[in-house]
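Please read the following report alongside the sequence and the coordinates. It takes up the charged pairs, then the overall form, and then one part of the surface.

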Amino acid sequence: AEHLLWMDMQKEELAAEKERVRKLEDDLARDRAAVVVRATEAEGKLATAAKTQALERQALEETRAQLAEEKSKLVDMARDLEQERAAFAAQADALTELGLQVQRESREVARA
């Protein structure tokens, strides 16, 4: 009888230990699932950040290209304006020379 009682106690202890192990396994499974969810969320955030960064990088490159194009246009405009200024100066010099020539001729006509 004592042996049967001891065996019953052992069965109860074993059943309690099995229940404790099952509960620990359930807790572990729940923790693993939570980690997977957090990891998935983190990966999603990283992917979104990477996409955003790629779009920002692309926009920056486009802006750089636009600025380079605008700078090139401004350099061309400055060169054109300098050429126009030089042409205008040459015309002004020619008109001044023509005016001086007209004055000389007028004096010569007046003397004659």
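## A linked set of charges

Which residues are linked with E19 in a network of salt bridges? In this predicted model, the network that contains E19 also takes in R22 and D26.

Within this network, E19 and R22 form a salt bridge in which the closest N and O atoms are 2.3 Å apart. Both residues belong to helix α1, where a spacing of 3 residues, about one turn of the helix, separates them. E19 has a relative accessible area of 39% and is therefore classed as partly exposed, and R22, for which the value is 39%, is therefore classed as partly exposed.

## Other charged pairs

The count of salt bridges in the model comes to 11, and two further examples can be described in some detail. In one of them, K73 is paired with E69, and the closest N and O atoms of this salt bridge are 3.5 Å apart. K73 and E69 are both located in helix α1 and are 4 residues apart, which is again about one turn of the helix. K73 counts as partly exposed because its relative accessibility is 47%, and E69 counts as partly exposed because its relative accessibility is 45%.

In the other example, D80 forms a salt bridge with R79, with 3.9 Å between the closest N and O atoms; the cut-off for such a pair is 4 Å. D80 has a relative accessible area of 34%, so this residue is partly exposed, while R79, with a relative accessible area of 43%, is likewise partly exposed.

Over the chain as a whole, there are 19 positive and 25 negative side chains, and the centres of these two sets lie 2 Å apart.

## Overall form of the chain

The secondary structure of the chain consists of 1 helix and 0 strands, and helix α1 covers residues 2–111. Along the principal axes, the C-alpha atoms fill a box of roughly 165 × 10 × 10 Å. The radius of gyration of the chain is 48 Å, whereas a compact globule of 112 residues would have a value near 13 Å.

How much of the chain is buried? Buried residues account for 0% of the 112 residues, a class that is reserved for residues under 20% relative accessible area. The area that the chain exposes is about 10,300 Å², of which carbon and sulfur atoms supply 61%.

## A nonpolar patch on the surface

Apart from the charged pairs, the surface carries a nonpolar patch formed by L4, W6 and M7, which together have about 320 Å² of accessible area. M7 is found in helix α1, and this residue counts as partly exposed because its relative accessibility is 33%. Membership of such a patch calls for over 30% relative accessible area and no salt bridge, and the value of 33% for M7 can be read against that cut-off.

Definitions and conventions. Residues numbered from 1 in each chain as written. Predicted model: local features only at pLDDT ≥ 70, side-chain atom pairs only at ≥ 80, totals over all residues. Heavy atoms only, no water. Patch = residues over 30% accessible without salt bridge, like charges linked within 9 Å, V, L, I, M, F, W, Y side chains within 5 Å. Areas by Shrake-Rupley, 256 points an atom, 1.4 Å probe, with all protein chains shown as cover. Salt bridge = Lys/Arg side-chain N within 4 Å of Asp/Glu carboxyl O. Helix = DSSP H or I, 4+ residues; strand = E, 2+ residues; numbered from the N terminus. Buried < 20%, exposed > 50% of the residue type's maximum accessible area, 1.4 Å probe, protein only. Rg over C-alpha atoms; globule rule 2.2 N^0.38 Å. Lys, Arg positive; Asp, Glu negative; His and termini not counted. Charge placed at Lys NZ, Arg CZ, Asp CG, Glu CD.
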